[in-house]
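Biologist: Please take a close look at one part of this assembly for me. I would like the contacts of a single chain with its partners, told as one connected account.

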Protein chains: 4
Amino acid sequence: MMSEILNVSDLKKSLESFANERDWEQFHSPKNLAMALASETGELLEVFQWLSESQSEEPSLEVFRKTSEELADILIYAIRLADKMGINIEEAVDEKIGINRIKYPVEKSKGNSKKYTEL
Amino acid sequence: MMSEILNVSDLKKSLESFANERDWEQFHSPKNLAMALASETGELLEVFQWLSESQSEEPSLEVFRKTSEELADILIYAIRLADKMGINIEEAVDEKIGINRIKYPVEKSKGNSKKYTEL
Amino acid sequence: MMSEILNVSDLKKSLESFANERDWEQFHSPKNLAMALASETGELLEVFQWLSESQSEEPSLEVFRKTSEELADILIYAIRLADKMGINIEEAVDEKIGINRIKYPVEKSKGNSKKYTEL
Amino acid sequence: MMSEILNVSDLKKSLESFANERDWEQFHSPKNLAMALASETGELLEVFQWLSESQSEEPSLEVFRKTSEELADILIYAIRLADKMGINIEEAVDEKIGINRIKYPVEKSKGNSKKYTEL
């Protein structure tokens, strides 16, 4: 079975070309991209706001399709923002997973949704 | 130079183990994960809210570091949510980039930040 | 029993003085205030993200206290933003409730959480 | 000149009737209302995301109109959520303004957008 891979290097280049071709670099400040990412997140919330948790676990085709599209939008802006800031996402994610292991030790956080600051 | 890659297959497995070890599956409904992703997005906004666009383009080390961490949090929840919903992120992103090419033809959207519905 | 009232006129003046005294007008563009409002909304989501709906209906004192504080932050930025834009909130809310009556007629929307565009 | 007033007591009753008539109480858990408020905030961000700060300070009629409508949506969900949680918004806002005076003393925060935790 093929692995699911995001080639972030390629995506950064592709999204930069997309913006350049449309003369959109003028709009793509990190501040604006953070806002755009957040407004896509609002659309993601809209998909789930009136569903129960169990409904969200057995999504209709429509919910699946919308979630897929909103997640893609979020990832696209996240990658574009990372590119504009010179952030290596691969490293950032690895580092954060490492930090989470320290912040949330198994014995303290087991079955517990508290934030690390309250553990 | 090495490519920047997110191995989404591996990350899905790793994040699932992380949740399982802490007995957190009970909290990780798609609905809740969408909320968690959105609250991380709120933290990303906080980084930029009082900065001018040009300040965001020449970020301090502190802004760089925080953005990097919040983007990682967002990606982690996006990947976890995709896993819970059975969404292939690689395909979703490719498909969305294709859709954007259709929604935003170069000639119509050049230098123009309007939404496709208003083009 | 006393009515619960927000004197928006007074609050607008009070928040303007607060900003002026601190020389914060320079930060309070509508764009920035919208971001600040949204980052407070992220904090509101954080309160509820791992709670079930029924837990949210019987909130602990801590959840009550945090929700109260985040709602206040949201309202403060909403009023400040309205003031900067010359928006009359009283009229805007009345008008929107009227629009909602038209968008969501009782017979079509009864027991149905669909958006008006899908009714 | 007339004062701009939100009669929160009346609005709470009116929004409750609106929900009851449509049998929407089943959807209006505090958790869901927080999500709905946040998705409206996403729409507010969308209004401003590609505008410069100075453009946001001289809004077009379209920007004015949309901001007004999104602010109304945010306030409506904020009031509905407060009602469901038994929160007195008038008190919460007054209390928060008092707290802000303590967190952000004029001498420390003058011309400075830092968060109180960093002052």
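**Chain B and its partners**

Modeller: Chain B and chain A bury about 6,600 Å² between them, and carbon and sulfur atoms give 65% of that area. This is a predicted model, so keep that in mind throughout. The contact draws on 71 residues of chain B and 72 residues of chain A. On the chain B side, E4(B), L6(B) and K31(B) lose the most area to chain A. Together these three account for 12% of what that side buries.

Now the polar part of this interface. Eight salt bridges link chain B and chain A. One of the pairs that meet the rule is E69(B) with K103(A), where the closest N and O atoms lie 3.9 Å apart. Polar contacts number 36 residue pairs across the interface, counting pairs with both residues at pLDDT 80 or more.

Which elements of chain B supply at least two residues each to the side that touches chain A? They are strand 1 (5-7), helix 1 (8-21), helix 2, helix 3 (53-57), helix 4 (61-85), helix 5 (89-103) and helix 6 (106-109). Helix 4 of chain B gives the most, with 15 residues. By class, the side of chain B that touches chain A holds 36 nonpolar, 20 polar and 15 charged residues.

Turn next to chain D. About 950 Å² is buried between chain B and chain D, with carbon and sulfur atoms giving 50%. K31(B), M35(B) and S113(B) supply 38% of the area that chain B buries here, more than any other three residues. K31(B) was also named on the side facing chain A. Each chain brings 13 residues to the B–D contact.

Four salt bridges cross the interface of chain B and chain D. K66(B) forms a salt bridge with E118(D), and the closest N and O atoms are 3.5 Å apart. Six residue pairs are in polar contact, both residues being at pLDDT 80 or more. Helix 2 (residues 30-48) of chain B gives the largest share of the side that touches chain D, five residues. That side has four nonpolar, three polar and six charged residues.

How are these two copies related? A rotation of 180° with 0.0 Å of shift along its axis superposes chain B on chain D, at an RMSD of 0.0 Å. The two copies are therefore related as by a two-fold rotation axis. In chain B, the C-alpha nearest the axis belongs to M35(B), at 3.7 Å from it. The interface residues agree: 100% of those of chain B are also interface residues in chain D, so the copies meet through the same surface.

Two single residues in the other chains round this off. T41(C) sits in helix 2 (residues 30-48) of chain C. Is T41(C) buried or exposed? T41(C) has a relative accessible area of 2%, so it counts as buried. Its side chain reaches the backbone oxygen of L37(C) at 2.9 Å. Beyond its neighbours within four places in sequence, T41(C) is in contact with I74(C), and with L37(D), A38(D) and T41(D) of chain D.

S9(D) lies in helix 1 (residues 8-21) of chain D. Its relative accessibility is 16%, so S9(D) counts as buried; the cut-off is under 20%. Setting aside neighbours within four places in sequence, S9(D) is in contact with S3(C) and E4(C).

Notes: Residues are numbered from 1 along each chain as its sequence is written. Chains are lettered from A and ligands numbered from 1 in the order in which they are written. This is a predicted model: local features need pLDDT of at least 70, side-chain atom pairs count only at pLDDT 80 or more; totals for chains, interfaces and linings use all residues. Side-chain values use heavy atoms; hydrogens and water are left out. Copies are superposed by least squares on the C-alpha atoms of residues with pLDDT of at least 70 in both. Contact means heavy atoms within 4.5 Å. Buried area is the accessible area (1.4 Å probe) that two parts lose on being put together, summed over both. A salt bridge is a side-chain nitrogen of Lys or Arg within 4 Å of a carboxyl oxygen of Asp or Glu. A polar contact is a pair of N or O atoms within 3.5 Å; within protein, one must be able to donate a hydrogen and the other to accept it, and residues adjacent in sequence count only if both atoms are side-chain atoms. Helices (H or I, at least four residues) and strands (E, at least two) are DSSP runs, numbered from the N terminus. Ala, Val, Leu, Ile, Met, Phe, Trp, Tyr, Cys and Pro count as nonpolar, Asp, Glu, Lys and Arg as charged, and the others, Gly among them, as polar. Buried means under 20% relative accessible area, exposed over 50%, partly exposed in between (1.4 Å probe, protein chains only).
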